[in-house]
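Hi everyone, thanks for coming. I'll walk you through one model this morning, so have a look at it and follow along.

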Amino acid sequence: MAELISKGGPLIWLLLGCFALAVGVFLERLSYYHRAGMNVGEFLAGLASLIRRKNYAEALQECVATRVPVGRVIHAALLRHHAPREHLKEIVQEAGQLEVPRLERYLSMLHAIAHGAPLLGLLGTIIGLLDSFTNLSAANGVATTSDVARGVYQSLITSGMGIAVAIPAFLFYAFLSAKCRHLMHDLERAGVEIVNLIEDSREDRQILSFRQEAAVEQSPDNIIQATPALKAGGSKPRGTKS
């Protein structure tokens with residue numbers, strides 16, 4: 001390996017730097033996605049009971065404690081739980097859009113390395129072939145095979161190194177992109193479900209208030225108070241004769 005690096009020319013160091021950068025980005029993003037992931041279903045099930053009891057303060061504390069993108073989206077909706085449904089949908093969409101750049105950070109760098117490494121290898125191939133033909137022209141066409149082979153050898157090393165760097169960089173990019181799409185799907189799911197939970201809690205409150213009003217109207221005191229008015233109006237019980 002050391003011999004290949006020493007005979008690969010100056011571009012070999014640039015390709016090695018690209019490979020090291022790709023590995024670093026992959027490890028950093030993999031660690032971030034692992035910390036950002038969570039079981040959305042279980043978390044929303046725990047918040048559902050708090051929201052039904054109108055305990056929004058504790059629900060907000062639970063969201064802050066998660067320190068993940070899904071928690072921040074739900075936190076934004078709970079802060080404005082009195083807003084209309086359409087306004088809540090806009091709030092969760094805006095909160096999700098703010099999280100997307102954090103999730104996609106450095107992925108474009110991996111994409112650039114995957115596409116740029118073969119081009120650097122091709123550039124090294126051209127430089128190696130130019131070196132071979134330069135040696136031939138300097139020796140008036142009677143250069144030794146070792147002089148010609150040196151440039152060809154350099155060109156092959158850079159071409160192979162460019163492909164060797166591009167393949168893992170592209171695989172890293174594909175894997176991380178899939179993880180990123182999964183997390184963005186969790187953001188959308190959390191936003192839709194938290195809006196539905198807040199809206200359902202409002203409907204439960206309206207049903208409860210309606211039942212309370214109906215109970216008040218049908219209370220014995222109201223019936224007793226209405227009886228003299230009925231008597232004054234001359235109403236008589238059914239089955240009596242005038």
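**Cysteines first, then the fold**

By the sulfur-to-sulfur distance rule, the count comes to 0 disulfides. Keep in mind as we go that this is a predicted model. Two cysteines I'd like you to find are Cys18 and Cys180. Cys18 has a relative accessibility of 17%, and because buried means under 20%, Cys18 counts as buried. Cys180 is buried too, with a relative accessible area of 2%.

Okay, let's zoom out. What does the chain have in the way of helices and strands? There are 9 helices and 0 strands. If you read along the sequence, the pattern is α-α-α-α-α-α-α-α-α. The chain has 242 residues, and 35% of them count as buried. Now think about contacts between residues with a separation of 6 or more: 78% of those in the chain come from residues 24 or more positions apart.

Next stop, Arg29. You'll find Arg29 in helix H2, which covers residues 11–36. Is Arg29 buried or exposed? Its relative accessibility is 1%, so Arg29 counts as buried. And who does Arg29 touch, if we don't count residues up to four places away in sequence? The answer is Arg102, Leu103, Arg105, Tyr106 and Leu176. There's also a contact with a sequence neighbour: the side chain of Arg29 makes a polar contact with the side chain of Glu28, at 2.8 Å.

Tyr106 was on that list of residues touching Arg29, so let's go there. Tyr106 sits in the loop between H6 and helix H7, where H7 is residues 107–138. Its phi is near 70°, which is a positive value in a residue other than glycine. As for the surface, Tyr106 has a relative accessible area of 36%, and because partly exposed lies between 20% and 50%, that's the label Tyr106 gets.

Arg67 also has a positive phi in a residue other than glycine, near 55°. Look for Arg67 in the loop between helix H4 (56–66) and helix H5 (69–79). Arg67 is exposed, because its relative accessible area is 73% and the cut-off for exposed is over 50%.

Let's take one glycine as well. Gly46 is in helix H3, residues 40–52. At 36% relative accessibility, Gly46 counts as partly exposed. Try finding Glu62 from there: Gly46 and Glu62 are 16 residues apart along the chain, and their C-alpha atoms are separated by 9.4 Å.

Last thing, the largest pocket. Its volume is about 280 Å³. Which elements give two or more residues to its lining? Those are helix H6 (85–103) and helix H8 (145–217). In total, 15 residues line the pocket, and the ones nearest its centre are Val92, Gln93, Leu187, Glu188 and Gly191. If you sort the lining by residue type, you get 7 nonpolar, 5 polar and 3 charged.

So, to recap the tour: 9 helices and 0 strands, a buried Arg29 in helix H2, two loop residues with positive phi, Tyr106 and Arg67, and a largest pocket with helices H6 and H8 in its lining. Happy to rotate the model if anyone wants another look.

How values were computed:
Residues numbered from 1 in each chain as written. Predicted model: local features only at pLDDT ≥ 70, side-chain atom pairs only at ≥ 80, totals over all residues. Heavy atoms only, no water. 1 Å grid on protein atoms, 1.4 Å probe; cavity = no way out; pocket = protein on both sides within 12 Å on 5 of 7 lines; lining within 4 Å. Points joined across faces, edges and corners; volume = space filled by probe spheres on them. Helix = DSSP H or I, 4+ residues; strand = E, 2+ residues; numbered from the N terminus. Nonpolar A, V, L, I, M, F, W, Y, C, P; charged D, E, K, R; others polar. Buried < 20%, exposed > 50% of the residue type's maximum accessible area, 1.4 Å probe, protein only. Polar contact = N/O pair within 3.5 Å; in protein donor to acceptor, adjacent residues only side chain to side chain. Contact = heavy atoms within 4.5 Å. Disulfide = S-S within 2.5 Å.
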